[in-house]
Each structure stands twice: as C-alpha cells, then as structure tokens.
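User: I have a model open and want to talk through its fold and its ligand site. Can you take my questions as they come?

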Amino acid sequence: MIAAIGAVAANGMLGLDGWLPWDIPDELAYFERTVAGAALVIGRLTYESMDVVPPDSFIVTHRTGAPLRPGCTACASVEAALRGAMATGKDVFVIGGASVYAAAWPYCQRFYLTRIERDFDGDMLFPADIPLDQWRIVSDVRGTYRERKTGSDVVCRFLQYEQASPRPLL
Ligand SMILES: NC(=O)c1ccc[n+]([C@@H]2O[C@H](COP(=O)([O-])OP(=O)(O)OC[C@H]3O[C@@H](n4cnc5c(N)ncnc54)[C@H](OP(=O)(O)O)[C@@H]3O)[C@@H](O)[C@H]2O)c1
C-alpha cells in the first residue's frame, strides 16, 4: 500500500526554515513508529533536513549524480520514486515535503495526517488542493502533548484518511 504521512498546523503551515514549525517529541515519535520498516519517498529538501535516513529511501530530485547517503536512491520523478519503493516489497510512505505530497497524493490509498490544533509561524503550506475532505476518515485519535518551543501543551489529532480509488501506478 502507498500511504503519505505528515503533520499540519491549524493555519495550514507545514514547514519553517527547512524544518518543522513546532517541536513536539510525541508527534515525531508517532511518525517514526508509523514509518518504521517502510520504504520512504522523500523530496530532496526534506531529505537534506533529516539527520537519519533509513535504507530503502527514494529521493525525488532533478539532480543526477549527486551523492546520497547509503541506502538512498535518486529518482527523477515522484512516479519513479514510488515505483522504486514499491519494488522493495515493503509498505511505502511518502513523507513530504509539500511538493512531493502535491504530486504523490493521487497514488496514495491512505494519508496519515496529524492536525495540530494551533497556528504556527511557517514558510511552507500544506498543499491546499489535496482533496482530503473527500476522503473517508478511518481513524481519528486525539492527544495532548508538550510543544517544546512554546513550552505549552497542544492538541494533536492523528487522522487517517482513505482514498476510495487511488490512481494506479503504471
Ligand atoms: N509537517 C510535515 O509533516 C513535513 C513533512 C516533510 C517536510 N516538511 C517540511 O516541508 C518543507 C520542505 O518542503 P518543500 O516542498 O520545500 O521541499 P521537498 O518537497 O522536500 O523537496 C523539494 C525538492 O524535491 C525535488 N522535487 C520535487 N518535485 C519533483 C518532481 N516532480 N520531479 C523531480 N524532483 C522533484 C526537487 O529537488 P531538486 O531541487 O534537487 O531538483 C525540489 O527542489 C520543509 O520545511 C520541511 O521541514 C514538513
């Protein structure tokens, strides 16, 4: 199954200065648990922001021949990255950033989206044209967690959306 996973603030923000606008260890732990053992599809900027990139990661980039970390493969399109990830036989997760979500969502059966119920300053918005409001919600779990930049608690809503008829990957 191809799935996407991400988190978004109440005002639609997804990123700030090449990283996340918030610091919520429990949300990050949820992300890590969910994608553990999967093949990942990652935009080049998000890849560069990551300290650790697991094996079977497929990096979407127009740059050919750029050195990547072990276990990573450069792919010239989102579709090529999805094909590479599918060929591993593992579950496939698209982990962003915004440009990769925008291109990959038609192929995704599930979107794991954490809605952080507070506005955050940012410079990258979650793509507005992903029609999640037309997808079925199959899981919806709330929790309250410490956000370390502000030192206050935030509510996180861990949603799973399911798309009825994802586009086949040819
Ligand atoms: N909140 C979350 O869950 C979450 C998750 C992930 C990322 N983020 C945040 O999102 C921000 C980054 O998002 P972004 O959209 O700027 O960057 P991105 O999607 O991570 O990477 C963009 C790069 O990917 C490559 N690319 C994208 N589409 C392509 C295509 N169709 N064909 C070939 N290459 C393609 C290009 O690389 P080249 O320039 O090498 O050609 C492009 O510059 C950061 O702030 C990050 O922290 C947030």
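Analyst: Below we go through the overall fold, the central strands, the ligand shell and two single residues.

User: Where does the model come from?

Analyst: This is a predicted model.

User: OK. How many helices and strands does the protein have?

Analyst: The protein has four helices and 10 strands. Read from the N terminus, the order is β-β-α-β-α-β-β-α-β-α-β-β-β-β.

User: What about the radius of gyration, and why would that value fit a compact globule?

Analyst: The radius of gyration is 15 Å, and this agrees with a compact globule because 170 residues packed that way would give a value near 15 Å. Along the principal axes, the C-alpha atoms occupy a box of roughly 45 × 35 × 25 Å.

User: What share of the residues is buried?

Analyst: Of the 170 residues, 37% are buried.

User: And the contacts, what fraction is long-range in sequence?

Analyst: Taking contacts with a separation of 6 or more, 70% of them join residues 24 or more positions apart.

User: Let's go to β3. Covered or not covered?

Analyst: Mostly covered: β3 spans residues 39–43, and five of its five residues are buried. Ala39, Val41 and Gly43 point to one side of the strand, while Leu40 and Ile42 point to the other.

User: Which strands does β3 pair with?

Analyst: One partner is β6 (residues 92–94), paired in the parallel sense over three bridges. Another is β4 (residues 57–60), also parallel, over four bridges. Val41 faces Val94 in β6 and Phe58 in β4.

User: What's the handedness of the unit with β3, α2 and β4?

Analyst: Those elements form a β-α-β unit, and it is right-handed.

User: Then what comes beside β4, and which residue pairs with Phe58 there?

Analyst: β4 is joined by four bridges to β5 (residues 72–75), and these strands run parallel. Thr73 in β5 is the bridge partner of Phe58.

User: How do the side chains of β4 point?

Analyst: Ser57 and Ile59 point one way, Phe58 and Val60 the other way, and all are buried.

User: Switching to the ligand. How many residues surround the ligand, and which are closest?

Analyst: The ligand has 27 residues around it, and the closest are Gly15, Gly43, His62, Gly96 and Gly97. Gly43 is also one of the buried residues of β3.

User: Which elements supply at least two residues of that shell?

Analyst: They are β1 (2–9), β2 (13–15), α2 (44–49) and α4 (98–104).

User: How does the shell divide by residue type?

Analyst: There are 13 nonpolar residues, 12 polar and two charged.

User: Now Glu147. Where does Glu147 lie, and why does Glu147 count as buried?

Analyst: Glu147 is in strand β9 (residues 136–147). Glu147 counts as buried because 20 C-beta neighbours sit inside 10 Å.

User: What does Glu147 touch?

Analyst: Leaving out residues up to four places away in sequence, Glu147 touches Trp22, Asp23, Ile24, Ser152 and Val154. Ile24 is 123 residues away from Glu147 in sequence, yet their C-alpha atoms are 4.7 Å apart.

User: Last one, Leu170. Buried or exposed?

Analyst: Exposed, because Leu170 has 5 other C-beta atoms within 10 Å. Leu170 lies in the segment after β10 (152–162). From Leu170 to Ala80 the C-alpha distance is 10.0 Å, with their positions 90 residues apart in sequence.

Note on methods. Residues numbered from 1 in each chain as written. Predicted model: local features only at pLDDT ≥ 70, side-chain atom pairs only at ≥ 80, totals over all residues. Near = placed C-beta within 6 Å. Nonpolar A, V, L, I, M, F, W, Y, C, P; charged D, E, K, R; others polar. Rg over C-alpha atoms; globule rule 2.2 N^0.38 Å. Buried ≥ 20, exposed ≤ 12 C-beta atoms within 10 Å, placed from the backbone. Contact = placed C-beta atoms within 7 Å. Pairing = 2+ DSSP bridges. Right-handed = clockwise from strand over helix to strand, strands pointing away.
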